[in-house]
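Colleague: I should be grateful for a close look at a single part of this model, namely one helix and the residues that surround it. Please set out the account step by step, with the reasoning made explicit.

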Amino acid sequence: MTYIVNDKCIGCKYTDCVEVCPVDCFYEGENMLVIHPDECIDCGVCEPECPADAIVPDTEPGAEDWVEFNRKYSELWPVLTTRRDPLPAADEKDGEEGKFEKYFSEKPGEGD
Ligand code: SF4
Ligand code: F3S
């Protein structure tokens, strides 16, 4: 089992999650984060920290499709361990439908 980040993170990137992860397994894209499924220890402490409800266990319906996505990009993007300001339009984009098609970027974030 692992936790994953889904498309609700896109365009928000609140980063509250990275502060609480005991194993630093969040990786940063230009406008979202992902979790490395092989590094996550399934502690669950990040799930309630996300204001966008973007973090779920892979046992939730629909989450299994996101596991390989999280693995793929966690191997391409830099680790992020320190909280930073959310993206400028985070509150506007929180809860918006169809964010993957509209905004997903494969570009890496800056990491830390
Ligand atoms: Fe990190 Fe725990 Fe969240 Fe996994 S479930 S990403 S180990 S805080
Ligand atoms: Fe994204 Fe939520 Fe973390 S919006 S950056 S998964 S706190």
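**A buried histidine and helix α2**

Modeller: H36 counts as buried, because its relative accessibility is 7%, below the 20% limit that the term requires. The model is a predicted one. In it, H36 is placed in the loop that runs between β3 (33-35) and β4 (55-57). Apart from neighbours within four places in sequence, the contacts of H36 are with C25, Y27, S74 and E75. One of these contacts, S74, leads to the helix you ask about, since S74 is listed among the buried residues of α2 (residues 64-74).

The buried residues of helix α2 are W66, V67, F69, N70, R71, Y73 and S74. The elements that cover them include β1 (3-5), β2 (26-28), β3 and α4 (99-103). The last of these, α4, can be followed through its aromatic contacts with α2.

The aromatic pairs in the model come to nine. In one of them, W66 and F100 meet edge-to-face, with 6.2 Å from centre to centre and 80° between the planes. Because W66 belongs to helix α2 and F100 to helix α4, this pair ties together parts that are 34 residues apart in sequence. W66 has a relative accessibility of 16% and therefore counts as buried. F100, by contrast, has a relative accessible area of 30%, so it is partly exposed.

F100 also pairs with F69, again edge-to-face, at 5.8 Å centre to centre and with 70° between the planes. Here too the link runs between helices: F69 lies in α2 and F100 in α4, so the pair ties together parts that are 31 residues apart in sequence. F69 has a relative accessibility of 14% and so counts as buried. Thus the partly exposed F100 forms ring pairs with W66 and with F69, both of which are listed among the buried residues of α2.

These rings belong to a wider arrangement. Ring pairs join W66, F69, Y73, W77, F100 and F104 into a cluster. Of its members, Y73 is likewise named among the buried residues of α2.

To summarise the part you asked about: the buried residues of α2 are covered by elements that include β3 and α4. The ring pairs of F100 with W66 and with F69 connect α2 to α4. S74, a buried residue of α2, is in contact with H36, which lies in the loop between β3 and β4.

Definitions and conventions
Residues are numbered from 1 along each chain as its sequence is written. Chains are lettered from A and ligands numbered from 1 in the order in which they are written. This is a predicted model: local features need pLDDT of at least 70, side-chain atom pairs count only at pLDDT 80 or more; totals for chains, interfaces and linings use all residues. Side-chain values use heavy atoms; hydrogens and water are left out. Helices (H or I, at least four residues) and strands (E, at least two) are DSSP runs, numbered from the N terminus. Buried means under 20% relative accessible area, exposed over 50%, partly exposed in between (1.4 Å probe, protein chains only). Contact means heavy atoms within 4.5 Å. Rings of Phe, Tyr and Trp (its six-membered ring) pair if their centres lie within 6.5 Å; planes under 30 degrees apart count as stacked, over 60 as edge-to-face and the rest as tilted.
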